[in-house]
Amino acid sequence: MNPNKALWEKGDFTRIAETMRESGEALVKRIGVSKGLKVLDLGCGDGTTAIPAAKLGADVLGVDIASNLVEAGNRRARGLGLANCRFQEGDATNLHQLADRSFDLVVSIFGAMFAPKPLDVARETTRVTRPGGRIVMGNWIPNDPTLVAQILKISSAYTPPPPEGFVSPMTWGIESHVIERFARAGLPAERISFKRDTFTFNFPGAPSAFVDEFRKYYGPTMNAFEAAERNGKAADLQKELEELFTRQNQSPRQDATSIPATFLRVTVAV
Ligand SMILES: C[S@@+](CC[C@H](N)C(=O)[O-])C[C@H]1O[C@@H](n2cnc3c(N)ncnc32)[C@H](O)[C@@H]1O
């Protein structure tokens with residue numbers, strides 16, 4: 001089994017995505033999704049951005065490597081009566097089922113950054129976008145002090161080192177790497193712009209309960225806990241994460257969690 005696919009099918013990302021819905025909706029409005037726009041949401045999960053884009057009238061295809069999330073996305077779209085939104089399985093490094101120049105907008109919010117071959121991601125997203133169209137990526141930033149970069153940093157300290165040649169997904173949060181990857185796909189630096197943006201995670205429970213959701217349902221954290229348990233370090237990992245979540249919580253209530261996280265928004269004019 002492809003380890004990238006196995007990682008994301010392992011848990012149930014829907015449990016985390018449910019805390020990201022408001023920010024997904026706000027983001028698609030900010031990036032200018034309009035009626036009739038042909039949108040590809042790559043690494044779409046269960047539709048945090050795909051569904052609100054379809055609600056704005058866009059014609060949306062969500063592609064994700066995890067079959068459980070594709071199923072969940074199609075279920076959500078059906079439940080909402082959105083005939084203009086469908087989800088299918090696919091790999092951001094090889095979109096062979098999609099024709100050249102077939103989308104006005106390719107969106108990938110914390111999605112394609114997790115695919116193992118970044119040059120292939122840049123090449124494939126460029127290929128399927130029509131000239132005059134856009135690619136918008138949301139990428140977590142390495143060493144950023146906010147939530148997700150810190151969860152991934154803490155988790156990786158408890159996980160065995162990755163195989164030789166592994167390129168960290170976090171390198172998509174470094175502007176020079178993004179520029180180099182799209183340059184290799186034929187798009188020069190002048191076509192690329194960067195903006196710091198924010199996604200807020202809203203969870204109806206205390207920060208420690210939110211950590212439990214990551215422990216039970218978020219692939220990278222599940223792997224970290226499995227490795228930590230083997231080394232007798234699970235309690236240390238739990239403590240580090242609880243401290244992080246509690247420190248970052250901005251909710252005035254003790255039984256609720258609201259944590260903003262900074263990401264790099266990349267816009268490429270194709
Ligand atoms: C952190 S989740 C984000 C999901 C969604 N964009 C959201 O914001 O809710 C990462 C997603 O990327 C998907 N993914 C990881 N590697 C992928 C690949 N190579 N091709 C397509 N999807 C991939 C995962 O299955 C998962 O749904």
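How many nonpolar, polar and charged residues does the lining of the largest cavity have? It has 21 nonpolar, seven polar and four charged residues. Here Ala, Val, Leu, Ile, Met, Phe, Trp, Tyr, Cys and Pro count as nonpolar, Asp, Glu, Lys and Arg as charged, and the others, Gly among them, as polar.

The model is predicted, with pLDDT of at least 70 needed for local features and 80 or more for side-chain atom pairs, while totals for chains, interfaces and linings use all residues. Residues are numbered from 1 along each chain as its sequence is written, and side-chain values use heavy atoms, without hydrogens and water.

Start with the cavity. A cavity is a set of points, on a 1 Å grid over the protein atoms alone, where a 1.4 Å probe fits but cannot get out; lining residues have an atom within 4 Å of a point. The whole structure holds one cavity of 30 Å³ or more. The largest cavity encloses about 460 Å³, a volume being the space filled by probe spheres set on the points, which are joined across faces, edges and corners. Its lining has 32 residues, and G43, D64, F110, G111 and F114 are the closest to its centre. α1 (3-10), α2 (14-17), β2 (59-64) and β6 (192-203) each give at least two residues to this lining. Helices (H or I, at least four residues) and strands (E, at least two) are DSSP runs, numbered from the N terminus.

What takes up this space? The ligand occupies the largest cavity; to sit there, more than half of its atoms must lie within 2 Å of the grid points. Around the ligand are 20 residues, with G43, T48, D64, A92 and I109 nearest; a residue is near if one of its heavy atoms lies within 4 Å. This shell has 12 nonpolar, six polar and two charged residues.

Now the polar contacts, pairs of N or O atoms within 3.5 Å. A side-chain N or O atom of N4 is 2.9 Å from a ligand nitrogen. Backbone atoms also take part: G43 places an N or O atom 2.8 Å from a ligand nitrogen, and a polar backbone atom of A92 is 2.8 Å from a nitrogen of the ligand. The protein buries 99% of the 590 Å² that the ligand exposes when taken alone, by the Shrake-Rupley method with a 1.4 Å probe.

Methods: Polar contact = N/O pair within 3.5 Å; in protein donor to acceptor, adjacent residues only side chain to side chain. 1 Å grid on protein atoms, 1.4 Å probe; cavity = no way out; pocket = protein on both sides within 12 Å on 5 of 7 lines; lining within 4 Å.
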